[in-house]
Amino acid sequence: MSREELVGIAHAERQRLGRMIQYADPDSWEQPSAAAGWWNRDVMAHLSAGDTAAAQLMAGLPAEELDLFRAELDGAVFSTDAWNAWTVGRRAEIPTRALLETWGAAAESLLVHATRLEEDGWRDARYPWLAGDIAPTYLVQSRVVEWFLHGEDMRATNGVAEGWQVNWQHWPVYLTIDLGVRMLPWALAQAGHDLGGRSIKIDVSGAGAGVWHWGLGAGEVPAPTGEPDAVIVGRAPQLALVAGQRLSVDDVLGSGVLVTGGDTTLADLVLRTIRAYA
């Protein structure tokens, strides 16, 4: 995917989330979202922090708040959950309107700086992100995934959910699955699984449709004509929500929305491990 296409997709998803915010019931910001433990305003506080840090990095600046959090760890292991809780807590007294405006400005800044980056920078730059260094293309993709998944969290309770699920958008769904697939070797290793030499094929339809044949060991690329060890087929939107930890694996398998083949034990493990964020 070219930079122009990816940034264009990101801009469309940023506008989509912005429109949802615009039409949300004002009282719903102080209501629980579908993200456990967070009100809708907390979701926007989280996005505001993440997009501000991402925009600063893309502009060639230090991610000030992220650096401050790391400094306060004083040698303790970085935790994404702890970072999320810390940034949301720091914004507890900020008016909701200010949170929304900060998020919008940060998201737009990120995309502007992504377009201004020199070609060699877009290709070769690496930024110190949550789980390690990240390339510009995957930093932008990860923000699209965040906007999509957290948009779903807020739409569940903010008065604009009716009819929304009928009109799934292809690209945010596709990019969520894609990021989850690309992260599989890392996610499996984090969970203590060494699956070097094995591969998975994912073939899903509907909005977000795509086919991936992916090696499960770090840096492994299956042979073009090789057969996968396990297969997952079904509906793309539901797989994206599994990768986003928004749908239960048992529910999607039990309903037949997703079906496994080949080494079904391996396919089940992949479904229970896949995640589209660090």
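Let me start with the largest pocket: its lining divides into 21 nonpolar, nine polar and eight charged residues. Keep in mind that this is a predicted model.

How much space lies in that largest pocket? About 1,000 Å³. The lining comes to 38 residues. Nearest the centre of the pocket are Met183, Arg275, Ala276, Tyr277 and Ala278.

Which elements build this wall? Six of them need naming. α2 (40-58), α4, β2 (132-134), α7, α8 and α9 (184-190) each put at least two residues into the lining of the largest pocket. Helix α7 gives the most, with seven residues.

Now the second largest pocket. About 160 Å³ of space lies in it. Its lining residues are Met1, Leu6, Thr137, Tyr138, Gln141, Tyr174, Leu175, Asp178 and Arg182. By type, they divide into five nonpolar, two polar and two charged. Here α7 and α8 each supply at least two residues. Which helix gives the most to this lining? It is α8, with four residues. Please hold on to Tyr174, one of the residues lining this second pocket. We meet Tyr174 again in a moment.

Let me step back to the whole chain. Its secondary structure comes to 12 helices and six strands. The C-alpha atoms fill a box of roughly 55 × 45 × 40 Å, along the principal axes. Is the chain compact or extended? Take the radius of gyration. For 278 residues, a compact globule would have a value near 19 Å. The chain has 19 Å, so the two agree. Buried residues make up 47% of the 278.

Next, the aromatic rings. A pair of aromatic rings is described by the distance of the centres and the angle of the planes. Searching the whole structure turns up eight aromatic pairs. I will show two.

The pair to begin with is Trp103 and Trp147. Their centres are 6.3 Å apart, with 90° between the planes, and the pair is edge-to-face. Where do these two sit? Trp103 lies in helix α5 (residues 96-116), and Trp147 lies in helix α7 (residues 136-155). The pair therefore ties together parts that are 44 residues apart in sequence. Are these residues buried or exposed? Trp103 has 2% relative accessibility, so it counts as buried. Trp147 has 0%, so Trp147 counts as buried too.

The other pair is Trp171 and Tyr174. Their ring centres are 5.4 Å apart. Their planes meet at 80°, so this pair is edge-to-face as well. The setting is a single helix, α8 (residues 170-182). Trp171 and Tyr174 are three residues apart there, and so about one helical turn separates them. Trp171 is partly exposed, because its relative accessibility is 31%. And there is Tyr174 again, from the lining of the second largest pocket.

There is also an aromatic cluster. Phe69, Phe78, Trp83 and Trp86 form it together. What lies over the face of Phe78? Arg70 does, at 5.0 Å from the ring centre.

Let me finish with the loops. Asp74 is in the loop between α3 (64-73) and α4 (80-90). Its phi is near 55°, a positive value in a residue other than glycine. Asp74 is exposed, because its relative accessible area is 70% and the cut-off is over 50%.

Gln245 has a positive phi too, about 60°, and is not a glycine. Which loop holds Gln245? The one between α10 (236-243) and α11 (249-255). Gln245 has 44% relative accessibility, so this residue counts as partly exposed.

One last loop residue: Ala59, between α2 and α3. Ala59 has a relative accessible area of 30%, so it is partly exposed. How far is Ala59 from His113? In sequence, 54 residues. In space, 5.6 Å from C-alpha to C-alpha.

To recap the pockets: the largest holds about 1,000 Å³ of space, and α7 gives the most to its lining. The second largest holds about 160 Å³, and α8 gives the most there. Thank you.

How values were computed
Residues are numbered from 1 along each chain as its sequence is written. This is a predicted model: local features need pLDDT of at least 70, side-chain atom pairs count only at pLDDT 80 or more; totals for chains, interfaces and linings use all residues. Side-chain values use heavy atoms; hydrogens and water are left out. Buried means under 20% relative accessible area, exposed over 50%, partly exposed in between (1.4 Å probe, protein chains only). Rings of Phe, Tyr and Trp (its six-membered ring) pair if their centres lie within 6.5 Å; planes under 30 degrees apart count as stacked, over 60 as edge-to-face and the rest as tilted. A charge sits over a ring if NZ of Lys or CZ of Arg is within 6 Å of the ring centre and within 35 degrees of the ring normal. On a 1 Å grid over the protein atoms alone, a cavity is a set of points where a 1.4 Å probe fits but cannot get out, and a pocket is an open set with protein on both sides within 12 Å along at least five of seven lines; lining residues have an atom within 4 Å of a point. Grid points are joined across faces, edges and corners, and a volume is the space filled by probe spheres set on the points. Ala, Val, Leu, Ile, Met, Phe, Trp, Tyr, Cys and Pro count as nonpolar, Asp, Glu, Lys and Arg as charged, and the others, Gly among them, as polar. The radius of gyration is taken over C-alpha atoms; the globule rule is 2.2 Å times the number of residues to the power 0.38.
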